[in-house]
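Biologist: Please go through this model with me. For each label, I would like to hear the value and the rule behind it.

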Amino acid sequence: MSRFIQKNSKVEINYNEQSKRLLDIKLSQEVVKNFLERIRQEGISVQHLEYTPYERQVIASYLDEEVGNDFGNMLREIVNDRETGGFTIGLEGVSKDTDEYVIFSTAVAHLVGISNFDSMTGKYYARFVVKDTDASDSYLRQAYRLFTMHTDGTFVNEATDWLLMMKMVEENAVGGESRLLHLDDWAELDKFYKSALGEHKFQYIAPPSKNVQEVVYRKLFFLKNNKPCICFIDQFAYPETIDEAKFLKALSHSIESDKNVIELKLNVGNLVVLNNEFWMHGRAAFEKNPDLNRELLRQRGHFYE
């Protein structure tokens, strides 16, 4: 049993129903209410968090104090723990205000680390809507096709150690689950990791919507704590030979078809945090519906030094 499993009056931690790789954290409604009330009393808005970076860490401390027992340290340990590396958490129905969703997610994120600048939105987070029609230049907003599994931050030079995804709004949506795979559960990891191209530095170029101009070269696999980690996205990789291209296609197919892929169900107001170095993520296709409306929030960043 995981050393993180626990239950007290403020927090209960169990394995997620869909995977023992993920921990499900349930805060008491009192904790969430007290946290939000403190935010309201101080008049802290989303704009204030956008304009004043230190306030993001201050509100993280408020959540840490409300839960107690070194809650923030435990979250960092979970995300760094190779056996788990991820957790789900939410507001337990206390609020349906999407601004308060942003504030809550910011507090959780900044207990784990520091959010990176998101070039796509020009903020420390991104909110994006998936609807029936879309003309974007990536799979991110395209509802009816598989969003293939990948890690974030491939086309930027900064470290992207962790990823947070939160469900903000969902209407007329069937399908679209987050597809997740822990690297140690991938049956063909050794086949690709130990191949001649396993440590090759592939070229990544972002499309215009990402607002990133640089060309980045990143190793496909790298070691951390003597365990293989991965940096990969199929959409923005530009291999320089046919052999490299065929290798990446085979790798992507292997990941997508692995029997250990989880299709995670999240309720509105809930989020998942993952270690971005050994968890891959994507999204299943939605069923066609002209009234489809889903909004997601993303934060990604680096650990505290």
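**Labels and their grounds**

Modeller: S178 touches M165, I262, E263, L264 and G282, leaving aside residues up to four places away in sequence. The model is a predicted one.

Biologist: Why is S178 called buried?

Modeller: Buried means under 20% relative accessible area. S178 has 17% relative accessibility, so S178 counts as buried. The residue belongs to strand β9.

Biologist: How do you know that β9 and β14 pair?

Modeller: Two strands pair if there are at least two bridges between them. Three bridges join β9 (residues 178-182) to β14, and the two run antiparallel; therefore they count as a pair. S178 stands opposite L264 in β14, and L264 is also among the residues that S178 touches.

Biologist: What makes β7 and β14 edge strands?

Modeller: The open sheet has four strands in the order β7-β16-β9-β14, with antiparallel pairing. β7 (147-150) and β14 (262-264) each pair on one side only. Neighbouring strands in this sheet are turned against each other by 25° on average, direction ignored. Helix α7 (residues 242-256) lies across β7, β9 and β16 (279-283), and runs at about 100° to β7.

Biologist: Why is the pair W186 and F192 called stacked?

Modeller: Ring centres have to lie within 6.5 Å for a pair, and planes under 30 degrees apart count as stacked. By this rule there are six aromatic pairs. W186 and F192 are 5.6 Å apart centre to centre, with 15° between the planes. Both values meet the cut-offs, so the pair is stacked. W186 and F192 are both buried, and they belong to one aromatic cluster with Y193, F221 and F247.

Biologist: How do you know that R38 lies over the face of Y62?

Modeller: The charge has to be within 6 Å of the ring centre and within 35 degrees of the ring normal. R38 is at 3.7 Å from the ring centre of Y62 and is listed as lying over its face.

Biologist: Why is Q299 called buried?

Modeller: The limit is under 20% relative accessible area. Q299 has 0% relative accessibility, so Q299 counts as buried. Q299 lies in strand β17 and touches V102, S105, T106, A109, H110, S115, Y124, Y125, W162, L163 and L164, not counting residues up to four places away in sequence. Q299 and A60 are 239 residues apart in sequence and 14 Å apart in space, C-alpha to C-alpha.

Biologist: Which strand does β17 pair with, and over how many bridges?

Modeller: β17 (residues 293-303) is joined to β6 by six bridges, and the two run antiparallel. One of the bridge partners is R294 in β17, opposite V130. β6 (residues 126-131) has A126, F128 and V130 on a covered face, and R127, V129 and K131 on an uncovered one. In a regular strand, side chains alternate between the two faces of the sheet.

Biologist: What makes N69 exposed and N172 partly exposed?

Modeller: Exposed means over 50% relative accessible area, and partly exposed lies between 20% and that limit. N69 has 65%, so N69 is exposed. N172 has 44%, so N172 is partly exposed. N69 is in the loop between α3 (54-67) and α4 (71-80), while N172 is in the loop between β8 (162-171) and β9. Phi of N69 is near 55°, a positive value in a residue other than glycine; for N172, phi is likewise near 55°.

Biologist: Which residues touch the most other members of the largest nonpolar core?

Modeller: That core has 46 residues, and those with the most contacts to other members are I25, L27, L63, F71, F87, F104 and V108. Helix α5 (residues 98-112) gives the largest share, nine residues. Apart from this core lies another of 36 residues, among them L22, F155, Y204 and M280.

Biologist: What does L27 touch, and which residue is its bridge partner?

Modeller: L27 touches K10, V11, V32, L63, V67, F71, I89, E92 and F104, not counting residues up to four places away in sequence. The bridge partner of L27 in β3 is V11. β2 and β3 (residues 19-27) pair in the antiparallel sense over six bridges, and they form a hairpin with two residues between them.

Conventions. Residues are numbered from 1 along each chain as its sequence is written. This is a predicted model: local features need pLDDT of at least 70, side-chain atom pairs count only at pLDDT 80 or more; totals for chains, interfaces and linings use all residues. Side-chain values use heavy atoms; hydrogens and water are left out. Buried means under 20% relative accessible area, exposed over 50%, partly exposed in between (1.4 Å probe, protein chains only). Rings of Phe, Tyr and Trp (its six-membered ring) pair if their centres lie within 6.5 Å; planes under 30 degrees apart count as stacked, over 60 as edge-to-face and the rest as tilted. Axes are lines fitted to C-alpha atoms, for helices over the stretch in contact, and angles run from 0 to 180 degrees between N-to-C directions. Contact means heavy atoms within 4.5 Å. A nonpolar core is a set of buried Ala, Val, Leu, Ile, Met, Phe, Trp, Tyr and Cys residues joined through side-chain atoms within 4.5 Å.
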